[in-house]
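Student: Could you take me through one part of this model slowly? I would like a close look at how the two domains of one chain meet, and then at what surrounds that meeting place.

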Amino acid sequence: MSVAEPDVALKVRIRNLRRSFVLHGRTFDALDGVNLDIAAGEFLAVVGPSGCGKTTMLRIVADLDTQTGGTIEVMRAAGSSRPVNSMVFQQESIFPWMTVRDNAAFGLKARGIGKRQRYAMVQPILERAGLAGFESALPHQLSGGMKQRVALARAFANDPEILLMDEPFAALDEQTKLILQGELLRIWETSGKTVIYVTHSIDEAISLADRVLVMSARPGRIKDLIDIAGIFSRPRDVATVKSNPRYGELFAHIWRELRNENIAGAVEQAA
Amino acid sequence: MKSADTNPRVNRLISVATPLLLLAAWEVAAQTHAIDTRFFSSPSRIFAQFWQMLADGELLYHAAATVTRVLIGFVIGATVGVAFGLAIGLVPVVSAAVQPLVDATFPIPKVALLPLVVIIFGIGEASKYAIIAISVVYLLIINTAAGVRQIEPIYLDVGRNYHAGRLMMFTDVALPGALPSILTGMKVAMGVSLIVIVAAESLAAKSGIGFLIWTSWQVFEVEKMYVGLFVTAIFGFASSIVLNWAERRLIPWKRS
């Protein structure tokens, strides 16, 4: 991943991104020429049928996987010492052997920030994430929702150039999910961070994002980019979005595109 | 439904009652001369001997020698074993270099190395520490490396994504992640240490419980021999209590 001088308000530039896997002697294209510009401070949601390569794309941006071809540039201010990205994972990813505070401060510790200073730095973020009073708790004492709050706090505390989220609320029950979506928006709106948010939930994509990127089934390509920010302004309330008639239209529109992709994917698998 | 199988209090009672019953049966068999007391003695005589040896300091002398050897050897072996195990689990080059050696030499009975160890480390205490350390190091290398490999890949992803350096990957991810497996290794290694030290002391020492057992048998002081065996059992029991306690303290997240 290369890092370039800041453009107007461009944060991430992805060009011709490709990733293929070889499985049993056959080559599969997970991503086939993805081109994408993401603005600074934008919340981009990525939806697509299972196996469309959306998580692969995120892992390549996160440097946890390597592309077969193409480039990813993350623009950053000259002399910025921020980490390029921090990821919130889908599964339970906070360390069971660390307290809530140490989990949240993990990225800061990795950057060599001393104990007292990093604890002071994470405290306001823990409070904003609704974790005040739980700083010394161990994860096994927390509910699933609280654990994902810790994972969010860890990513925000790291203060990265871009935040990457891989279905962070997929494993949570519906009520907890609604609450955490609201909290995520609240924390994100004050942070001004650029977010790439992978989800399988159309509802979640519309509720949270400025733009929704719809990906096609294998090979993963960009099928559509839908503007949401122009319809639902910020600050945004998740429940209000769902009760808006435009929400239903958007949902139906994205679902039609995904349904066709799911059918195409099923046909391809059967062939 | 509450049966004897599921009631923990009843189970604990059974755990205490079973050995007591066996001792009682032994005592009855000795009193009625159903067994040859020259070889098998009796619990009452062994306990009398135990108290006497406790009073005159003989027992403490041998017990302290054994405990010191086991503890020093165990700490050395465990430290080296955990360090190598982490390196094998995390660094492919180290794994490639060390794993085959470990696999090939692991099955050699460590007591069989005693002559070599005595040649290298001398007849003194160093050879006792060494034979324990050698026995312990294998079990901890194997268990630690396995523990690291069993760590959920997601935790390693987090470490990489948050740019944890190599040292931090060791101390903050691999070591705590492998801790459950390390503690299992320590429990097994402690048992093996006791087996090895008693054997080693029988062969090449002038003190210790193993020495006590073997010399008592040779001079036909059967009660003293049984005291040695009994004390070895107590060591095993006490060490498992200590290690279970350590396990609860160190890995609270593994408790249900």
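Tutor: Happily! In this predicted model, 13 residues of domain 1 of chain A are in contact with 14 residues of domain 2 of chain A. The domain assignment gives domain 1 as 10–84 + 162–270 and domain 2 as 91–159. Try tracing those ranges along the chain: domain 1 is written as two stretches, with the range of domain 2 falling between them. The C-alpha centres of domain 1 and domain 2 of chain A lie 25 Å apart. On the side of domain 1 that touches domain 2, helix 6 of chain A, residues 174–191, gives the most, with 6 residues.

Now let's look at the nonpolar core. The largest one has 133 residues, and the members that touch the most others are A:L44, A:A45, A:A153, A:I196, A:Y197 and A:V212. Which helix gives the most to this core? That is helix 7 of chain B, residues 125–149, with 15 residues. The core also draws at least three residues from each of domain 1 and domain 2 of chain A.

Pick out A:A153 from that list of core residues. Setting aside residues up to four places away in sequence, A:A153 touches A:A104, A:V122, A:I125, A:L126, A:A129 and A:L131.

For another close-up in chain A, go to A:T56, which lies in helix 1, residues 54–61. Is A:T56 buried or exposed? A residue counts as buried if 20 or more other C-beta atoms lie within 10 Å of its own. A:T56 has 20 such atoms within 10 Å, so A:T56 is buried. Beyond its neighbours within four places in sequence, A:T56 is in contact with A:R19, A:A30, A:L31 and A:D65. You can also find A:T66, which is 10 residues from A:T56 in sequence and 9.2 Å from A:T56 in space, C-alpha to C-alpha.

Next, step across to the other chain. Here 19 residues of chain A are in contact with 14 residues of chain B. Strand 5 (85–88) and helix 3 (106–110) of chain A each supply at least two residues of the side that touches chain B. The largest share of that side, 4 residues, comes from helix 3 of chain A.

What is chain B built from? Its secondary structure comes to 11 helices and 0 strands. Of the 256 residues of chain B, 36% count as buried, and its C-alpha trace spans about 75 × 65 × 30 Å along its principal axes. Among contacts in chain B between residues at least 6 apart in sequence, 73% join residues at least 24 apart.

Let's finish with one pair of helices in chain B. Two packed helices are described by the angle between their axes and the distance between the axes. The axes of helix 4 (residues 58–90) and helix 5 (residues 92–105) of chain B come within 6 Å and cross at roughly 125°. That angle makes helix 4 of chain B oblique to helix 5 of chain B. Helix 4 passes helix 5 of chain B in a left-handed crossing. To find where they touch, look for B:F84, B:A87 and B:I88 on helix 4 of chain B, and for B:V94, B:S95, B:V98 and B:Q99 on helix 5 of chain B.

Methods. Residues numbered from 1 in each chain as written. Chains lettered and ligands numbered in written order. Predicted model: local features only at pLDDT ≥ 70, side-chain atom pairs only at ≥ 80, totals over all residues. Core = buried A, V, L, I, M, F, W, Y, C linked by C-beta atoms within 7 Å. Buried ≥ 20, exposed ≤ 12 C-beta atoms within 10 Å, placed from the backbone. Domains from an automatic or database assignment. Contact = placed C-beta atoms within 7 Å. Axes fitted to C-alpha atoms, helices over the stretch in contact; angles between N-to-C directions. Parallel < 35°, antiparallel > 145°, perpendicular 65-115°, else oblique. Left-handed = near helix turned anticlockwise from the far one by under 90°.
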